[in-house]
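Here is a short briefing to keep beside you while you look around this model. Please have the viewer open, and pick out the residues as we come to them.

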Amino acid sequence: MATLKQIRGRIKAAKNIQQITKAMKLVAAARLKKATDRVLEARPYADKMRELMGSISSAGELPAHPLREKRPVRAVGLILVTADRGLAGGYNTNLIRKAVEFVRNSAVPVKVIGVGKKGHGFLAKRGSDVVFTHTVSSAGATVADAEIVASRARKMYESGEVDAVY
């Protein structure tokens, strides 16, 4: 049986853990708010880009470009964006589950471009064809990170390694 001193020590430890957990919740809420604000700020830009692309495509005949080429799909590229660590709740689990489902249901071979350690590690261990991996710093993704991944996907498409990218 525990002594009174041990019980008091356990109560004190539980209170300390509560304080740490509360602080972590506040930090997570602040980060989520910051990320949400960035997404909301990017929406007008995305809408304008969509409008611009629509007006360009309706302007008439465009010059030939490798990315506008339509061809039968013999291989597919999948860009899987997961976290580097497991502190994202169900985020990684749900994305990986969808990716596995996509690979299983695909009638053609799927080549995976992994962004973040969790997704690419999971798929590589289970025999999926992970052709490229990119990790993002804990400070967050930047435009440079997006350019690296987009460049790799574009090279794969232009070389004919894949015929569609999701």
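Let us start with the rings: the structure contains 1 aromatic pair. Please keep in mind that this is a predicted model. The protein chain has 4 helices and 4 strands, and along the sequence they follow the pattern α-β-α-β-α-β-α-β.

**Charges over rings**

- Arg-71 is placed over the face of Tyr-157, and the distance to the ring centre is 4.0 Å.
- Arg-126 has its charged end over the ring of Phe-122, at 3.7 Å from the centre of that ring.

**Salt bridges within helix H1**

- How many salt bridges are there? The count comes to 7 salt bridges, and two of the pairs in helix H1 are described here.
- Asp-47 and Arg-50 form a salt bridge, with 3.2 Å between the closest N and O atoms.
- Helix H1 covers residues 4–57, and because Asp-47 and Arg-50 are 3 residues apart in it, about one helical turn separates them.
- Asp-47 is partly exposed, at a relative accessible area of 43%, whereas Arg-50 is exposed, at 56%.
- Glu-51 and Lys-48 also meet through their side chains in a salt bridge, at 3.7 Å from N to O.
- These two residues, Glu-51 and Lys-48, are again 3 residues apart in helix H1, so about one helical turn lies between them.
- Buried or exposed: which word fits Glu-51 and Lys-48? Both Glu-51 and Lys-48 are exposed.

**A salt bridge between distant parts of the chain**

- Lys-111 pairs with Glu-161 in a salt bridge whose closest N and O atoms are 3.9 Å apart.
- This pair links distant parts of the chain, as the two residues are 50 residues apart: Lys-111 belongs to strand E2 (residues 110–115), and Glu-161 to the loop between helix H4 (143–158) and strand E4 (164–165).
- Glu-161 is partly exposed, with a relative accessible area of 29%.
- Through salt bridges that share partners, Lys-111, Asp-129 and Glu-161 are joined into one network.

**The sheet**

- In what order do the 4 strands lie in the sheet? They form an open sheet in the order E3-E2-E1-E4, with parallel pairing.
- E3 and E4 are the edge strands, each pairing on one side only.
- Strand E3 (residues 129–134) pairs with E2 in the parallel sense, over 5 bridges, and Val-112 stands opposite Val-130 in E3.
- Strand E1 (residues 76–81) pairs with E2 in the parallel sense too, over 6 bridges, and here Leu-78 stands opposite Val-112 in E2.
- Val-112 is therefore a handy residue to click on: Val-130 stands opposite Val-112, and so does Leu-78.
- Strands of a sheet pair through backbone hydrogen bonds.
- E2, E3 and helix H3 (residues 117–125) together make a right-handed β-α-β unit.

**Overall shape**

- Why is the protein chain called more spread out than a compact globule? Its radius of gyration is 23 Å, well over the 15 Å that the globule rule gives for 166 residues.
- The C-alpha trace of the protein chain spans about 85 × 40 × 25 Å along its principal axes.
- Of the 166 residues in the protein chain, 19% are buried.

Conventions. Residues are numbered from 1 along each chain as its sequence is written. This is a predicted model: local features need pLDDT of at least 70, side-chain atom pairs count only at pLDDT 80 or more; totals for chains, interfaces and linings use all residues. Side-chain values use heavy atoms; hydrogens and water are left out. Rings of Phe, Tyr and Trp (its six-membered ring) pair if their centres lie within 6.5 Å; planes under 30 degrees apart count as stacked, over 60 as edge-to-face and the rest as tilted. A charge sits over a ring if NZ of Lys or CZ of Arg is within 6 Å of the ring centre and within 35 degrees of the ring normal. A salt bridge is a side-chain nitrogen of Lys or Arg within 4 Å of a carboxyl oxygen of Asp or Glu. Buried means under 20% relative accessible area, exposed over 50%, partly exposed in between (1.4 Å probe, protein chains only). Two strands pair if DSSP finds at least two bridges between them. A crossover is right-handed if, with the strands pointing away from the viewer, the path from the first strand over the helix to the second runs clockwise. The radius of gyration is taken over C-alpha atoms; the globule rule is 2.2 Å times the number of residues to the power 0.38.
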